[in-house]
Amino acid sequence: MDFDTLDKQMRRFEQSLDRTILEGIYMVARLDGHGFTRLTKKEWKLDAPFDTRFRDAMIATMNRLMNCGFRVIYGYTESDEISLLFHINDDTFGRKERKLVSILAGEASAAFSMETGKRGVFDCRMVPLPQKENVIDYFRWRMEDAHRNSLNSHCYWALRKDGVSASEAQRQMMRLTNADKNEMLFNYGINYNTLPLWQRRGVGAYFRIEEKQGFNPLTGEKTTATRRRLHVDDQLPIGDPYSELIMSILKENTHACK
């Protein structure tokens, strides 16, 4: 069998499971750390429930993903996950799912590992969203997940540091409402509503056009240049203001040319 015939035959198998995300559909990629519980508790021994070293590593990883060749217009990270919103016209790799998830997972794993000096592995999934409203709901959903995880983590570690066993702490948590959890933390001297916003709401990243003042030595005139710069936002709003932020990012990028 000659090479061209063999190549054609083998590529049929290789591409048999290829899926592409339709044009005109918004794409969100969600990456999750694989085995990060062991990494953060046993290998790295980070402070619980939150550690700024881990937060900074996740932000650095997100920044890399937003600057590695894809047209990502918004990034969001909480806990050990990162969500990336692509420009609706992004057609990198022909929008092939297998290429998107493999490259993004590889980039995230490499970036996190290089940033921390620890081996970090990420998986990735693509989430197709047909309308702007679905995009907004998606990111509000992830922020609500951040809030829930944050509240639960603070309660769990308050109990653990008070000498309660892991299994007993989990058992007690199952019986508590959100109001009960807030009251429990207050009894431990923690006002949940005054904790840093990045712990309660996660961290976002989006591009801004900024003006920079300069000087032309040839003409002796002041100059103004614009540049596109990634802005990391650890003071994200909640509720409707957060929806408005996401919508503004979508609108700003609706008519942009590739």
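1. Let's start with Arg 142. If you skip its neighbours within four places in sequence, Arg 142 touches Arg 30, Tyr 76, Glu 78, Glu 81 and Ser 83. Keep in mind as you look around that this is a predicted model. Arg 142 sits in helix α5, and its relative accessibility is 5%, so this residue counts as buried.

2. Now see what Arg 142 is wired into. A network of salt bridges links Glu 78, Glu 81, Arg 142, Asp 145 and Arg 148. Why can such side chains pair up at all? Opposite charges can pair when the charged atoms come close. One of the pairs to look at is Asp 145 with Arg 148, whose side chains meet in a salt bridge at 2.7 Å, N to O. Asp 145 and Arg 148 are three residues apart in helix α5, which means about one helical turn separates them. That spacing fits a general rule: an α-helix has 3.6 residues a turn, so residues three or four places apart point the same way. The two partners are not equally covered, though: Asp 145 is buried at 11% relative accessibility, while Arg 148 is partly exposed at 47%.

3. What about helix α5 itself? This helix covers residues 132-161, and its 30 residues should span 44 Å at 1.5 Å a residue. The C-alpha atoms at its ends are 43 Å apart, which agrees with that expectation. Just after α5 you'll meet Gly 163, which takes a positive phi of about 95°.

4. Next, have a look at strand β1, residues 26-34. Is this strand enclosed or open? Eight of its nine residues are buried, so β1 is largely enclosed by the rest of the structure. Strand β4 (residues 121-129) runs antiparallel to β1, and nine bridges join the two. To find your place there, use Gly 33, which stands opposite Phe 122 in β4. Strand β3 (residues 81-86) also pairs with β1 in the antiparallel sense, over five bridges. Here a handy marker is Val 28, opposite Leu 85 in β3. While you trace these strands, remember that side chains in a regular strand alternate between the two faces of the sheet.

5. Salt bridges turn up elsewhere too, and the whole structure has 15 of them. One joins Arg 125 and Asp 32, with N and O 2.9 Å apart. Arg 125 belongs to strand β4 and Asp 32 to strand β1, so this pair ties together parts that are 93 residues apart in sequence. Asp 32 is buried, at 14% relative accessibility, but Arg 125 is partly exposed, with a relative accessible area of 37%.

6. Another salt bridge is made by Lys 96 and Asp 18, where the closest N and O atoms are 3.8 Å apart. Lys 96 is in the loop between β3 and α4, and Asp 18 is in the loop between α1 and β1, so the pair links distant parts of the chain, 78 residues apart. Lys 96 is partly exposed, with a relative accessible area of 27%, and Asp 18 is also partly exposed, at 24%.

7. Finally, check the surface by helix α1. Which residues make the nonpolar patch of about 460 Å²? They are Met 1, Leu 6, Met 10 and Phe 13. Leu 6 lies in helix α1, residues 3-14, and counts as partly exposed because its relative accessibility is 38%.

Key. Residues numbered from 1 in each chain as written. Predicted model: local features only at pLDDT ≥ 70, side-chain atom pairs only at ≥ 80, totals over all residues. Heavy atoms only, no water. Patch = residues over 30% accessible without salt bridge, like charges linked within 9 Å, V, L, I, M, F, W, Y side chains within 5 Å. Areas by Shrake-Rupley, 256 points an atom, 1.4 Å probe, with all protein chains shown as cover. Salt bridge = Lys/Arg side-chain N within 4 Å of Asp/Glu carboxyl O. Helix = DSSP H or I, 4+ residues; strand = E, 2+ residues; numbered from the N terminus. Buried < 20%, exposed > 50% of the residue type's maximum accessible area, 1.4 Å probe, protein only. Expected span 1.5 Å × (residues − 1). Pairing = 2+ DSSP bridges. Contact = heavy atoms within 4.5 Å.
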